Each structure stands twice: as C-alpha cells, then as structure tokens.
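Me: I'm new to reading protein structures, and I'd like a close look at a single part of this one. Could you walk me through the aromatic ring found there and what surrounds it?

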Amino acid sequence: MDDTAADRFDTGRFEASRSRLASLAYRLLGSAADAEDAVQDAFLHWQAADRRRIEVPEAWLTKVVTNLCLDRLRSARARRERTFGAWLPEPLLEGDPMLGPADTVEQREAVSLAVLTLMERLSPSERAVYLLREAFSYSHAEIAEILDITESTSQQHLHRARRRIITARRRDGEADAASARRVVEEFLAAASSGRTERLMALLTDDATAISDGAGLTRTLLRYDTPQGIATIARAGFQPAPAKQRLGGAPAVHHALVNRTPALLFVLGDRVVGVVAFDLANGRIATVLGIAAPTRLARLTDTWRQHEADTPLITRW
C-alpha cells in the first residue's frame, strides 16, 4: 500500500469513529460546537501520529478526545464561563447523531439537559469517569488507561459522581413517552390560559426553573418555588416587547430535546426558544429555558431537516 492509499485508509478509520467521538465530546463539554472542535483537534493528532504503532485505534482516539476535552474543562476560560449556576448546555434535537447511544436508561439520562447541568458540580475527572462508565460502558481498567489513573481512583470518582447526581435528582425511573408528553401539554395549556393553580399542581414541591434570559443577562435566572415558576411561565405568554423584536408570536411544538420532553418556540423555520422538562414521579422537577441564539444554531439546523408535527399553539 503506497503512502496515499495508507492515508486514505487511516482517514477512513478515523471517520468510522467520528460520530462516537463527537457524542463523547458533547457529553463532556455540553457544547456541540466545542465538541466538533475537539474532534477536529483529535483528527490532527491522528494525522501527526505514527499510526503503525497504534494497536487499537478506537481506544487511542477515545483517550485523545477525552483528554482534549478535559484540557478545555480545566482551562481558566472554562472555569470563568462554567461556574455552576452560570452556564447551560447546548440543546440538541432528537435525531442528532451527536446524542450518541440510547440503549440503556443510563445512556439516555447522561445526555439529558438536567444531568449535563448537574455535571457542572463534578470535577473534570469525575465527569469523565461518570460518562465513560455510564454512557459508554467502559470498564474501570479501560477508564484508568484513558485517564492515566488507577482503577481504584476511577471507582472512587464514579462513586462520588453518582452520589452527587442521584442525590440531586431523586428519580423513580423513566416516565413513558405518552405520560411525559401529556404533562408537558398540560403545562403549556395552564401557562397559556393563566391557570396558575394548575401550573403549580404540575410541579414538584422542590421544583426549579433556570433560564438563560435569551442571552441578554450575564447570569442565569433561577426560580426555586412552584409559585415563582408558575408566575414566570404565565408571564411568558403575556404581550411583551420581545415578541415584537422576534417579529411575532412563535408557534409552539412538542419535541424531544436531549431525549427528554420539551417545547420548541418556532418562528418561520427558526427555533427561537426551548423549554425542556425533567420529570419526577409524574410531575415536573426541573424546567430549563434556553433562548440564546448561540445555543440554538445547531438545533435550528436539525429542525429545518425535520418533518414538524402540528403546533400545539399557533397564536398567543
């Protein structure tokens, strides 16, 4: 095999792993754009390496991507931007290949917006161990090799990560799709009609809502009581200058975002807002509102290729 043919073969081996690497990087970074950058950097490392000495390309590439992501998470810039409570992940529409595997409950939960947000409480190493184990089913021996740590350290990281995430979520299993959609539609109906008491009844007693303020505020907006959440949800359906800036009232669609139920606010062919829900015991435990255009670019691109169903609301 000449050098040109060898390069084509090696490029093909990398491309065969690209989707898996991107879904790992997205889970680690919570940003599709940053994940794509990390995978491209990994490709440059792959091109520069002596590939004849790489016995298991998939393992080598996983290690490179993981450590590139950890370097980003540990950077001074990331520490400034990603303080817990000041950062939200980038939402992805169902069908986006970057969401990765969804065969198990753990794999589906690991990519939910609620868990990606909670993972900001973890150290970068804890985050990496949790994802490699829960979402990609690596053994502790394999994780130790990827992160250059001992197996016992990997086990300790996983124990701490699970404890922090499980304690914060307190779930009793996945809600079936029909029940989850029904709760979301009831939330929308109550919010758009002003039925504040019904809104509050749909929320858990310790429900929280977090919004990025459409990217117009430096810090996230947070609401920690059912009354506060109901009030802000109701206010979202009142006449406001924001609708005039958008050019009208968006249609509201039901969708799955990061494998959990959500409402999409769509104007023309552009998604201008996402409200995602995390359910507990048939009620809403977390509401995440994302409207910053920089966080919605990839989701909008996916939406334009998606055959939309009938909007739940077209005028409000």
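Reply: Let's start with F237, which is buried in this predicted model, at 11% relative accessibility. Buried here means under 20% relative accessible area, so 11% falls on that side of the cut-off.

What does the ring of F237 pair with? Its partner is F265: the ring centres are 6.4 Å apart and the planes meet at 50°, so the pair is tilted. You can find F237 in the loop between helix 12 (226-235) and helix 13 (241-246), while F265 belongs to strand 4 (residues 260-267). Because these two places are 28 residues apart in sequence, the pair ties together separate parts of the chain. F265 also counts as buried, with a relative accessibility of 14%.

Now follow F265 a little further. It is one of the 27 residues of a nonpolar core, which also includes A190, A191 and F277. This core lies apart from the largest one, which has 65 residues. Among the residues with the most contacts inside that largest core are F14, Y26 and L264. Helix 1 (residues 3-29) gives the most to it, with eight residues.

F277 leads us on to strand 5, which spans residues 270-280. Strand 5 runs antiparallel to strand 6, and seven bridges join the two. In this pairing, V275 stands opposite G289 in strand 6. The two strands form a hairpin with two residues between them, and N281 in the turn has a positive phi of about 55°. Strand 6 (residues 283-290) has another partner too: five bridges join it to strand 1 (residues 203-211), and these two run parallel. There, I210 stands opposite L288. Is strand 6 mostly covered or mostly open? It is mostly covered, since seven of its eight residues are buried.

For a comparison, look at another aromatic pair; the structure holds four of them. W46 and W60 also form a tilted pair, at 5.7 Å centre to centre and 55° between the planes. W46 lies in helix 2 (residues 32-48) and W60 in helix 3 (residues 57-74), so this pair ties together parts that are 14 residues apart in sequence. Here the two partners are not equally covered: W46 is buried, at 1% relative accessible area, whereas W60 is partly exposed, at 26%. W46 has one more neighbour to look for: R51 lies over the face of its ring, 5.9 Å from the ring centre.

How values were computed. Residues are numbered from 1 along each chain as its sequence is written. This is a predicted model: local features need pLDDT of at least 70, side-chain atom pairs count only at pLDDT 80 or more; totals for chains, interfaces and linings use all residues. Side-chain values use heavy atoms; hydrogens and water are left out. Rings of Phe, Tyr and Trp (its six-membered ring) pair if their centres lie within 6.5 Å; planes under 30 degrees apart count as stacked, over 60 as edge-to-face and the rest as tilted. Helices (H or I, at least four residues) and strands (E, at least two) are DSSP runs, numbered from the N terminus. Buried means under 20% relative accessible area, exposed over 50%, partly exposed in between (1.4 Å probe, protein chains only). A charge sits over a ring if NZ of Lys or CZ of Arg is within 6 Å of the ring centre and within 35 degrees of the ring normal. A nonpolar core is a set of buried Ala, Val, Leu, Ile, Met, Phe, Trp, Tyr and Cys residues joined through side-chain atoms within 4.5 Å. Two strands pair if DSSP finds at least two bridges between them.
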